[in-house]
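New to this one? Here is a quick briefing to read alongside the sequence and the 3D view.

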Amino acid sequence: MGKSKQTGNHKSDKKKHIAKTWKTKRRTKDLDQIHSDMKPETANKLLHQEVDYDVTGCAQHYCLHCARYFVDMRSMKEHFKSKVHKRRLKELREEPYTQAEAERAAGMGSYIPPKKVEVKTQPVEENMD
């Protein structure tokens with residue numbers, strides 16, 4: 001028998017980090033990042049973006065709480081009624097974890113339960129259709 005033509009195939013760079021690729025494929029923003037996006041000045045920038053043809057829906061239909069772009073206004077309104085969006089709103093009601101809270105948990109102070117934050121679905125502008 002002759003020598004195999006496929007030599008060194010197991011060292012391929014394409015297959016090297018496949019587990020990491022699958023773990024980060026559908027990665028979304030963390031809750032503390034979304035809380036920082038919900039501040040009025042940042043939220044205004046995200047909701048009124050310039051037209052970008054590389055992003056879904058030309059970056060005109062963006063859900064602030066889920067950090068997702070949508071093709072049109074109708075699909076965004078359907079998303080607002082979905083379980084995924086409602087779950088995300090429920091998760092965002094709790095105040096983000098801070099360094100002070102971490103120190104209290106480590107025994108450097110008394111425990112204070114996290115505060116609740118009022119979160120509502122963003123207003124929809126009808127004139128964008």
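A residue counts as buried when its relative accessible area is under 20%, as exposed when it is over 50%, and as partly exposed in between. By that yardstick Tyr111, at 62% relative accessibility, is exposed. Keep in mind that what you're looking at is a predicted model. The protein has six helices and two strands, and buried residues make up 19% of its 129 residues.

**The overall layout**

- Walk along the sequence and you'll meet the elements in the order α-α-α-β-β-α-α-α.
- Take the contacts in the protein with a separation of 6 or more: 45% of them come from residues 24 or more positions apart.
- UniProt, in an unreviewed entry, puts a feature called "domain: C2H2-type" at residues 63-85.
- That span, residues 63-85, is 48% helix and 13% strand, and its end C-alpha atoms sit 9 Å apart.

**Helix H4 and what covers it**

- Helix H4 runs over residues 73-80, and its buried residues are Met73, Met76, His79 and Phe80.
- Looking down the axis of H4, you'd see these buried residues fall within an arc of 120 degrees, so they line one face of the helix.
- There's a simple rule behind patterns like this: an α-helix has 3.6 residues a turn, so residues three or four places apart point the same way.
- What covers the buried residues of H4? Strand S1 (62-63), strand S2 (68-69) and helix H5 (83-92) are among the elements that do.

**Gln122, a buried residue after H6**

- Gln122 sits in the segment after H6, and it counts as buried because its relative accessible area is 7%.
- The side chain of Gln122 reaches the backbone oxygen of Tyr62 at 2.7 Å.
- Setting aside neighbours within four places in sequence, Gln122 is in contact with Leu47, Tyr62, Cys63, Leu64, His65, Met76 and Phe80.
- Two of those names, Met76 and Phe80, will ring a bell from the buried residues of H4.

**Tyr111, out in the open**

- Tyr111 is also found in the segment after helix H6 (99-105).
- Buried or exposed, what is Tyr111? With 62% relative accessibility against a cut-off of over 50%, Tyr111 is exposed.
- Tyr111 and Glu101 are 10 residues apart along the chain, and their C-alpha atoms are separated by 7.9 Å.

**Asp37 in helix H2**

- Asp37 belongs to helix H2, which covers residues 31-37.
- Asp37 has a relative accessible area of 10%, so it counts as buried.
- Leave out the neighbours within four places in sequence, and the contacts of Asp37 are Lys29, Thr42, Ala43, Leu46 and Leu64.
- Leu64 turns up in the contact lists of both Asp37 and Gln122.

**The aromatic pair**

- How many aromatic pairs does the structure hold? It holds one.
- The partners are Tyr62 and Tyr69, in a tilted arrangement with 4.7 Å centre to centre and 50 degrees between the planes.
- Tyr62 is buried, at a relative accessible area of 5%, whereas Tyr69 is partly exposed at 28%.
- Tyr62 is also the residue whose backbone oxygen the side chain of Gln122 reaches.

**Cysteines**

- A disulfide is a covalent bond between the sulfur atoms of two cysteines.
- How many disulfides does a search of the whole structure find? The count is zero.
- Cys63 is in no disulfide, and the nearest cysteine sulfur belongs to Cys66, 3.8 Å away.
- The cut-off for a disulfide is sulfur atoms within 2.5 Å, so that 3.8 Å spacing doesn't qualify.
- Cys63 is buried, at 0% relative accessibility, while Cys58 is partly exposed at 26%.

**Two residues with positive phi**

- Cys58 is not a glycine, yet it has a positive phi of about 60 degrees.
- You'll find Cys58 in the loop between helix H3 (40-47) and S1.
- Ala67 also has a positive phi, near 60 degrees, in a residue other than glycine.
- Ala67 lies in the loop between S1 and S2, and at 24% relative accessibility it counts as partly exposed.

Technical notes. Residues are numbered from 1 along each chain as its sequence is written. This is a predicted model: local features need pLDDT of at least 70, side-chain atom pairs count only at pLDDT 80 or more; totals for chains, interfaces and linings use all residues. Side-chain values use heavy atoms; hydrogens and water are left out. UniProt positions are given in the numbering used here, feature names are shortened, and annotations may be inferred rather than shown by experiment. Helices (H or I, at least four residues) and strands (E, at least two) are DSSP runs, numbered from the N terminus. Buried means under 20% relative accessible area, exposed over 50%, partly exposed in between (1.4 Å probe, protein chains only). The arc is that of the directions from the helix axis to the C-beta atoms. Contact means heavy atoms within 4.5 Å. A polar contact is a pair of N or O atoms within 3.5 Å; within protein, one must be able to donate a hydrogen and the other to accept it, and residues adjacent in sequence count only if both atoms are side-chain atoms. Rings of Phe, Tyr and Trp (its six-membered ring) pair if their centres lie within 6.5 Å; planes under 30 degrees apart count as stacked, over 60 as edge-to-face and the rest as tilted.
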